[in-house]
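Thank you all for coming; I would like to walk through one structure this morning, taking a few residues and helices in turn. Please have the sequence and the structure open beside you as I talk.

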Amino acid sequence: METLFFLPNWPPAATDLSWFGVMLLCAVVLGELGHSLLRLPRITGYVLAGVILSPGVAGFWSPEMLARMQPFYDVAFGIVLFELGQRIDLGWLRRNPWLLATSIAESLLAFAFVGALLMLLDVPPLVSVLAAGLASATGPAVVLGVCGDTAARGQVTERLHLLCALSSCYSFVTLGVAYAWQHQAHASTLVVTALHPMYLIMGSIALGAAIAALMLALLARMRPEQNGQTIGAIAVIIATVAIVDEMQLSVVITLLVAGVLCRSLDKRRRMQPMDFGLIGRLALIVVFVSTGALLRPDDFVTAIVPALGLLAARALGKIVGVFVFARPSGLPMRKASLLSISLLPMSGAALLWVERTTAIWPELGSQLAAIVLTALVIMELLGPPALQFALRRADETTRD
C-alpha cells in the first residue's frame, strides 16, 4: 500500500509557536476572569498565566523555549516604550521644574535605600548596585496597561507618565556606570571602562534621535485616518529593536527618546499620537506573560527575603521623594500619597538587563536574576491592583 506521505505525523508535535499561542490564550482568559469576577486589572491575570505555565510550575515552557521567544518580548516592550515616550511633554518640565526635582528625588532615594539594604543583607556590592538601579525605575508596561484599561486622565496620571519615563532613563544611566565599574574590576583597560557606558548612553540617544527624524520625515506625510502612521511606526520599532540588539545598545533609552522627540519636534502636529490598539494590547500580554514565566521556585524561596526587602526599601524611597516636593510642584498631599502608590510597579526592563548581564558575566547575572526577577514577579502581581486603586481614589478613571 502506498504511503500517504502528504498527511501530517500523528500525534502532531507541539512547536514553540503553538505553545506560545496556548500561553497567550490562557493569559487572555485569566485576565478577563480576574477582571469580571474580582475587578482586578487584566494585567494580573496575564502575569498569573505566565507563572502557572512557567518551567518551574506546570512546565509547559522550557527555559530554552523562553529564550527563543525573547525577540517577541523585545518588540512588545519596544512598542510600550515608544508609546510612553510620545505621552511625555518636555515643555512641562520647563514650566514646572519642581517636577524634575520630584523625579530625581524619588528615583535617587529608591536607589539609595535599596542598595543600602541589600548590602546590609550581605548581598555583593555590585549586585546590590545593579539591583538598586533596576528597582529605581517604575514599570511603563504596567502604567500604560492599567491607565489604558481604566481610561485614566488627570493630574496623577500625567505625572505618573512623566516620572515613569524619567525613572527609566535614570535607571539606564546608573546601570551603564555600574557596567563600567564591573569592567574595571575585571582588569579592563581605562579606555574600555570609560567608553562602555558612554557608548551605551550616547549611542542609544543618537539612535533614538535618528529614529525620530526618520519617523517625522516619512510617517508624518501619511494620512492618520488610514492607520498608515501606526503600521509604519510598528515596522520602524521592529527594525529598531533588531538594530539595538546588533549594536548592543539599550532598547529602553532608544525608543523612549524616539517617542519623546517625535512629540517634541513635531511642531505642526502632523504625526498623530500613537494608539496601537489591539497590537498594543497584544504587546502588553506578551510582556506580562513573559515576566510571569520567568518564576523559578528554587530562586523564589532563597531570594524571598532580599526581594521583599528590596520592594519595601524601594517603596519608602519613592514615597519620601514624592512627598518632599509635592507642595512646591503644586500637588496636594492626598494626591501625593496616591501618586506614591502609583509608582510602585517595577519595570519589565529588568528582564532585558538581567539577560544582558548574564550574557557578559554569567555568575553575576544569576545572582542578580534571583533577587530582581523574584521581586519583579511579586510586584507584577501586586502592582497593577495598587495602581488601579490609586487612580480610582484620585477620581481619574472613566472606565472600570
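Let me begin with a question: leaving aside its neighbours within four places in sequence, which residues is Glu380 in contact with? Contact here means heavy atoms within 4.5 Å, and on that criterion, with those neighbours left out, Glu380 touches Val47, Val142, Phe288, Thr291 and Met346.

Before I go further, I should say that this is a predicted model, in which local features need pLDDT of at least 70 and side-chain atom pairs count only at pLDDT 80 or more, while totals for chains, interfaces and linings use all residues. Residues are numbered from 1 along each chain as its sequence is written, and side-chain values use heavy atoms, with hydrogens and water left out.

Glu380 itself sits in helix α17, where helices are DSSP runs of H or I with at least four residues, and strands are runs of E with at least two, numbered from the N terminus. With a relative accessibility of 1%, Glu380 is classed as buried; that word means under 20% relative accessible area, whereas exposed means over 50% and partly exposed lies in between, with a 1.4 Å probe and protein chains only. Computed along the sequence, Glu380 is 247 residues from Gly133, and the C-alpha to C-alpha separation of the two in space is 18 Å.

Gly133 brings us to helix α7, residues 125-135, which is largely enclosed by the rest of the structure because 10 of its 11 residues are buried. Among those buried residues of α7 are Leu126, Val129, Leu130, Gly133, Leu134 and Ala135.

Ala135 is also one of the residues that Lys318 contacts, and, again leaving aside neighbours within four places in sequence, the others are Glu106, Ala110, Ser136, Thr138, Ser340 and Leu343. Lys318 belongs to helix α14, residues 297-324, and is it buried or exposed? Its relative accessible area is 0%, so Lys318 is buried. The side chain of Lys318 also reaches the backbone oxygen of Ser136 at 2.9 Å.

I turn now to helix packing. Two packed helices are described by the angle between their axes and the distance between the axes. The axes are lines fitted to C-alpha atoms, for helices over the stretch in contact, and the angles run from 0 to 180 degrees between N-to-C directions. Helix α4, residues 70-86, packs against helix α12, residues 251-264, at about 35 degrees, and their axes are 7 Å apart. The crossing of α4 past α12 is right-handed, a term for the near helix being turned clockwise from the far one by less than a right angle, with anticlockwise giving left-handed. On the α4 side the contact includes Phe77, Leu81 and Phe82, and on the α12 side it includes Val252, Leu256 and Cys262. By class, the residues of this contact are 11 nonpolar, 4 polar and 1 charged, where Ala, Val, Leu, Ile, Met, Phe, Trp, Tyr, Cys and Pro count as nonpolar, Asp, Glu, Lys and Arg as charged, and the others, Gly among them, as polar.

Helix α12 has a further partner in α11: the axes of α11 and α12 come within 10 Å and cross at roughly 145 degrees, and this crossing is right-handed too. Here Ile237, Thr240, Val241 and Val244 of α11 meet Val251, Thr254 and Leu255 of α12, which by class gives 5 nonpolar, 2 polar and no charged residues.

In the loop between α11 (228-247) and α12 we find Gln248, which, although not a glycine, has a positive phi of about 60 degrees. Most residues other than glycine have a negative phi, and most peptide bonds are trans. Gln248 is partly exposed, at 44% relative accessibility. Asp395, in the segment after α17 (362-393), likewise has a positive phi of about 60 degrees without being a glycine, and Asp395 is exposed, with a relative accessible area of 67%.Finally, the cysteines: how many disulfides are there, taking a disulfide as a pair of cysteine sulfur atoms within 2.5 Å? The count comes to 0. Cys164 is in no disulfide, and the nearest cysteine sulfur to it, that of Cys147, is 9.1 Å away; Cys164 is buried, at 0% relative accessible area. For Cys262, the closest cysteine sulfur is in Cys169 at 15 Å, too far for a bond, and Cys262 is buried as well, at 2% relative accessibility.

How values were computed
Disulfide = S-S within 2.5 Å. Polar contact = N/O pair within 3.5 Å; in protein donor to acceptor, adjacent residues only side chain to side chain.
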